[in-house]
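User: I would like to learn how to read the features of a structure like this one. Please take me through them one at a time.

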Amino acid sequence: YSPVNIINVYPNPVNDVLTIDFYSYEDTVLQFINVLGETVKTVSLAQSENRLQIQVHDMEKGVYFLRFKGHSA
């Protein structure tokens, strides 16, 4: 089961602003994970949102994995 369905993440690569279009079934947390497996940034996604724009200019250049985690109220 995934709390998030229909995900579009762009642009790739990103310089300043990452845009995520999504549909979430519940409140969700988005984690940016570096290649060492460390969580370097966490963003809360509200159930009512459909598009999120995240400033990433403060992050080091590199490859990141995105993890979407639902959390119960």
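User: What pattern does the chain follow when read along the sequence?

Analyst: This is a predicted model. Along the sequence, the chain follows β-β-β-β-β-β, with zero helices and six strands in its secondary structure.

User: How do I read a sheet, and in which order do the strands of the open sheet come?

Analyst: Start with the pairing and list the strands by who sits beside whom. In this model, an open sheet of three strands runs in the order β4-β3-β6, and the pairing is antiparallel. Its edge strands, each pairing on one side only, are β4 (39–45) and β6 (65–70). Averaged over the sheet and with direction ignored, neighbouring strands are turned by 20° against each other.

User: Over how many bridges do β3 and β4 pair?

Analyst: Strand β3, residues 28–33, pairs with β4 over six bridges in the antiparallel sense. To follow the register, take valine 29, whose bridge partner in β4 is serine 44. The hairpin of β3 and β4 has five residues between the strands, and there glycine 37 takes a positive phi near 85°.

User: Which strand does β2 pair with over five bridges?

Analyst: That partner is β5, and the sense is again antiparallel. Here aspartate 21 has arginine 51 of β5 as its bridge partner. Strand β5 (residues 51–55) also shows how to read the two faces of a strand: Leu52 and Ile54 make up the covered face, while Arg51, Gln53 and Gln55 make up the uncovered one.

User: How should I read burial for a single residue, and why does glutamine 31 count as buried?

Analyst: Compare the relative accessibility with the cut-off: buried means under 20%. Glutamine 31 has 12% relative accessibility, so this residue counts as buried. Its place is in strand β3. Apart from neighbours within four places in sequence, glutamine 31 is in contact with Thr39, Lys41, Thr42, Phe65, Leu66, Arg67 and Lys69. Over the whole chain, 30% of the 73 residues count as buried.

User: What share of the contacts with a separation of 6 or more comes from residues 24 or more positions apart?

Analyst: To read this figure, look at the sequence separation of the residues in each contact. In this chain, residues 24 or more positions apart account for 53% of the contacts with a separation of 6 or more.

User: Where should I look for cis peptide bonds, and which bond from tyrosine 10 or asparagine 12 is cis?

Analyst: Check omega bond by bond. The bond from tyrosine 10 to proline 11 is cis, with omega near -5°. Another cis bond leads from asparagine 12 to proline 13, with omega near 5°. Proline 11 lies in the loop between β1 (4–10) and β2 (17–24), and proline 13 is found in the loop between β1 and β2 as well.

User: How do I read a pocket, and what volume does the largest pocket have?

Analyst: Take the volume, then the lining, then its classes. The largest pocket has a volume of about 500 Å³. Its lining consists of 18 residues, and those nearest the centre are Asn12, Pro13, Val14, Gly62 and Tyr64. Sorted by class, the lining of the largest pocket has 12 nonpolar, four polar and two charged residues. Pro13, one of the residues nearest the pocket centre, is also the proline of the cis bond that starts at asparagine 12.

Notes:
Residues are numbered from 1 along each chain as its sequence is written. This is a predicted model: local features need pLDDT of at least 70, side-chain atom pairs count only at pLDDT 80 or more; totals for chains, interfaces and linings use all residues. Side-chain values use heavy atoms; hydrogens and water are left out. Two strands pair if DSSP finds at least two bridges between them. Helices (H or I, at least four residues) and strands (E, at least two) are DSSP runs, numbered from the N terminus. Axes are lines fitted to C-alpha atoms, for helices over the stretch in contact, and angles run from 0 to 180 degrees between N-to-C directions. On a 1 Å grid over the protein atoms alone, a cavity is a set of points where a 1.4 Å probe fits but cannot get out, and a pocket is an open set with protein on both sides within 12 Å along at least five of seven lines; lining residues have an atom within 4 Å of a point. Grid points are joined across faces, edges and corners, and a volume is the space filled by probe spheres set on the points. Ala, Val, Leu, Ile, Met, Phe, Trp, Tyr, Cys and Pro count as nonpolar, Asp, Glu, Lys and Arg as charged, and the others, Gly among them, as polar. Buried means under 20% relative accessible area, exposed over 50%, partly exposed in between (1.4 Å probe, protein chains only). Contact means heavy atoms within 4.5 Å.
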